[in-house]
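Q: Could you take me through one part of this protein in some detail? I would like to look at the nonpolar interior and at what lies around it.

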Amino acid sequence: MSSPIISIEGPTSTTSEGFLAAAKSGGCAPSSYGSSPTSPGDVDPAIWDKIKDHPCFSEEAHHYFARMHVAVAPACNVQCNYCNRKYDCANESRPGVVSEKLTPDQALRKVIAVANKVPQLSVLGIAGPGDACYDWEKTKATFDRVIREIPDIKLCVSTNGLVLPDHVAELAEMNVDHVTITINMVDPEVGAKIYPWIFYENRRYFGIEAARILHARQMLGLEMLSARGILTKINSVMIPGVNDQHLFEVNKMVKERGAFLHNVMPLISDPAHGTHYGLIGQRGPTAMEMMALQDRLEGGAKLMRHCRQCRADAVGLLGEDRGQEFTLDGIPNDVTYEAGKRQAYRQVVAHERRDHEAARGEAIGMIKATDSEKSLLVAVATKGGGRVNEHFGHAKEFQVYEVSPRGISLVGHRKVERYCLGGGGEDATLEGVIAALEGIHIVLCAKIGNRPKEQLSRAGLRVTDAYGHDYIETAVSALYAAEFGIRPLAATA
């Protein structure tokens, strides 16, 4: 019998019994080898305690916990060729994009409203839409207000690093123990192709001089954070022909200075966004190019492979955005935080994680029992909880797992347009899904109709719903065992 399934939508009961009842009703670690830690055994216990509920710093945690970004810091001191903060689309997942900017008081209202409705919430981040450290007074005021009301929430900032060194001491005093720095270069000549200008100490700098100052400040900030034990994630945008090969040097240098994770993200350069790169036709990398670069970086700084390039006002689990549910006009002026639902959810997650860890160990043991040296790429439709639990037609993304004698690892995700809207599917949409699944051997989902299954088969893609609601590791290990000649684990419904 399959073990209890956490309802990601979140039941209305505020008791652990209520959550567990919802979990049982169902409804519609992997071996990391250089990637984001997935279990307590991967890192020092003190570090695991910091990351175990942080969906960005732990791949395992992102199955269970949600983040929230509040857009309180609109001012920015660095111009990037891939950024246009004036653009907004409710369906666009991209850093710097927001639908409404907030004051610290408005942010507090919104955080409380989200915490009361989204029990998975564990992290509050400020990622713009400008720079959290440059617009420091608003960032600090927001954190001060929120932590008084919700003391157990983790605080996180994302910054370009230019004025980061000026605020490291205050970050430490506020117990901000997770910081993301966007570092796209360590060579100013490369940086001059990415950053037209910076504004530093009341003066605007351009070209190589600007990049040289930015690089020095980023390295100093990273070293200062590492010295204080604050965990750092480095975001790097992969720009083909500009810094794609150079990212090996970035990875090496940030590792030497104590970075905890390195997150290499694809350039998004749609001309409709109005960015410089979009307007000049600079292309982004393909999914296979991204994966190839990340594979070559293995052995350096640990990689984050589960990033979704979140908006600066994102709400929810990674891979979803519920921000439109929590616009200011829908939130009462007076809201009171109710801790019960979040506390109950954490009790259920603790039980589920123990069960999941046991299943993961069994799955990895089965894979290592094979004599094969081959690998499989498996795309999984999931809506959280670490399970195969999303209908193929409802999927907006597929998580991609590599299965090999080294173990099971999440190596990326493929965003797609939802195929099924109101009972039917569009052939053109399905063609886009098929294109997005380039290089995938097998697709796993909770359910799929005969028509899309047949069309996928004609395109050379195998797909099965035989492992619906199983843990992902259990399902992919069964596929691997069947593919390479040993008796598979029994699928459970």
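A: Happy to; we can begin with the interior, move to some backbone details, and end with a helix pair. Please keep in mind that this is a predicted model.

The largest nonpolar core holds 57 residues, and Val70, Leu124 and Leu171 have the most contacts inside it. Helix α3, residues 104-117, supplies the largest share of this core, with seven residues. In soluble globular proteins, nonpolar side chains tend to be buried together.

Val70 is a good residue to display on your screen. Leaving aside residues up to four places away in sequence, Val70 touches Leu102, Ala107, Val111, Leu124, Gly125, Ile126, Gly128, Thr142 and Ala312. Leu124, among these partners of Val70, is also one of the residues with the most contacts inside the core. There is a second, separate core as well: it has 36 residues, including Cys156, Tyr205, Leu231 and Met265.

Gly128, another partner of Val70, leads us to the backbone. A cis peptide bond links Gly128 to Pro129, with omega at about 20 degrees. Pro129 sits in the loop that runs between β3 (121-126) and α4 (136-149).

Two other loops are worth a look for their phi values. Asn175, in the loop between α5 (168-173) and β5 (178-182), has a positive phi near 60 degrees although the residue is not glycine. Asn175 is exposed, its relative accessible area being 60%. Glu201 is found in the loop between β6 (197-200) and β7 (203-206), and its phi is also positive, near 50 degrees. With a relative accessible area of 61%, Glu201 is exposed. As background, most residues other than glycine have a negative phi, and most peptide bonds are trans.

Finally, turn to the helix pair. Helix α11 (residues 340-368) packs against helix α14 (residues 472-483) at an angle of about 15 degrees, and their axes are 8 Å apart. That angle is why α11 counts as roughly parallel to α14. The crossing of the two helices is left-handed. On the α11 side, the contact is made by His356, Ala359, Arg360, Ala363, Met366 and Ile367; α14 contributes Glu473, Thr474, Ser477, Tyr480 and Ala481. Sorted by type, the residues of this contact are six nonpolar, three polar and two charged.

Methods. Residues numbered from 1 in each chain as written. Predicted model: local features only at pLDDT ≥ 70, side-chain atom pairs only at ≥ 80, totals over all residues. Heavy atoms only, no water. Axes fitted to C-alpha atoms, helices over the stretch in contact; angles between N-to-C directions. Helix = DSSP H or I, 4+ residues; strand = E, 2+ residues; numbered from the N terminus. Parallel < 35°, antiparallel > 145°, perpendicular 65-115°, else oblique. Left-handed = near helix turned anticlockwise from the far one by under 90°. Contact = heavy atoms within 4.5 Å. Nonpolar A, V, L, I, M, F, W, Y, C, P; charged D, E, K, R; others polar. Core = buried A, V, L, I, M, F, W, Y, C linked by side-chain atoms within 4.5 Å. Buried < 20%, exposed > 50% of the residue type's maximum accessible area, 1.4 Å probe, protein only.
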